[in-house]
Amino acid sequence: MSKIKKVDYTYINWGPFVMKTTVPEYIIKKLKAEGKKAKVSYNKSLAGHLANQFLYPLEIQNWFYNEINPIITAYRKGHCKFHGMKDLRIELQADDLWVNYMQACDFNPVHTHGADYSFVLFLDVPKELKNEQKKFEGTSSKPGSLMFEFTQQAKPRYATTGSSILPSTGDFYMFPAMLQHWVAPFKSKVTRISVSGNLRIMNKANLPHDYF
């Protein structure tokens with residue numbers, strides 16, 4: 001019998017830091033209401049094969065980013081802890097905020113975002129889509145899945161470099177802007193509503209040259 005009685009170890013956190021949380025109902029209600037009023041198409045700035053993607057007015061953008069500041073702070077702290085980085089002071093600036101109305105057969109191909117941090121918030125995930133996901137029998141990602149990919153997907157699971165997510169209403173995912181992601185199409189005759197945006201670090205020049 002081995003004389004080793006206890007194994008102490010550390011491990012390496014590998015890959016990008018993706019955080020999941022939820023937002024309060026009042027934020028969802030306001031963004032849904034304001035999304036219906038949004039008129040400025042954002043299609044030419046986005047990768048999605050969606051007909052209806054609209055930029056929120058600056059007033060709504062400012063309100064939203066003020067409301068989710070605690071979430072952004074939590075992501076930043078978690079990001080530093082995950083990667084073993086010093087939690088140095090950074091200055092973040094919001095680049096944009098837009099609403100996506102995804103319908104049957106729409107598709108969001110593999111892409112990345114600009115800036116440094118990105119997020120997606122799901123305002124409405126219809127039950128019909130949830131039922132379609134439950135009935136799916138294939139081996140690939142289910143209809144309407146949100147996919148994060150750090151290089152190519154791999155099996156077995158312990159060697160994976162990606163993650164397939166079935167979001168629900170109120171789910172908020174924040175991630176590095178350069179992380180590849182995409183959204184699978186679905187067939188249900190419904191509209192799934194999500195909101196996305198990007199944040200940019202403005203004081204990189206004042207941070208240690210090897211910080212990033």
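Ile4 is exposed in this predicted model, with a relative accessible area of 61%, where exposed denotes over 50% relative accessible area, buried under 20%, and partly exposed the range in between (1.4 Å probe, protein chains only). The model is a predicted one, in which local features need pLDDT of at least 70 and side-chain atom pairs count only at pLDDT 80 or more, whereas totals for chains, interfaces and linings use all residues. Residues are numbered from 1 along each chain as its sequence is written, and side-chain values use heavy atoms, with hydrogens and water left out.

Ile4 is located in the segment before strand S1 (19-22), strands being DSSP runs of E with at least two residues, numbered from the N terminus. Together with Val7, Tyr9 and Tyr11, Ile4 forms a nonpolar patch on the surface, with a joint accessible area of about 570 Å²; such a patch is made of residues with over 30% relative accessible area and no salt bridge, nonpolar side chains (Val, Leu, Ile, Met, Phe, Trp, Tyr) being joined within 5 Å. A salt bridge here is a side-chain nitrogen of Lys or Arg within 4 Å of a carboxyl oxygen of Asp or Glu, and the areas derive from the Shrake-Rupley method with a 1.4 Å probe.

The segment before S1 also holds Ser2, which is partly exposed at a relative accessible area of 45%. The side chain of Ser2 reaches the backbone nitrogen of Ile4 at 3.1 Å, a polar contact being a pair of N or O atoms within 3.5 Å, one able to donate a hydrogen and the other to accept it. Between Ser2 and Trp98, the separation is 96 residues in sequence and 60 Å in space, C-alpha to C-alpha.

An open sheet is formed by seven strands in the order S1-S9-S6-S11-S4-S3-S2, with antiparallel pairing, two strands being paired if DSSP finds at least two bridges between them. S1 and strand S2 (40-41) stand at the edges with a single partner strand each, so one side of each lacks a neighbour in the sheet. Within this order, strand S4 (residues 92-103) and strand S11 (residues 191-201) are joined antiparallel over 11 bridges, and Ala94 stands opposite Leu199 in S11.

Strand S7 (residues 146-149) is covered on both faces, Leu146 and Phe148 on one side and Met147 and Glu149 on the other all being buried. S7 runs antiparallel to strand S8 (residues 162-165), to which four bridges join it, and Gly162 in S8 is the bridge partner of Glu149. S7 likewise pairs with strand S10 (residues 180-183) in the antiparallel sense over four bridges, with Glu149 opposite Gln180 in S10.

Terms used. Patch = residues over 30% accessible without salt bridge, like charges linked within 9 Å, V, L, I, M, F, W, Y side chains within 5 Å.
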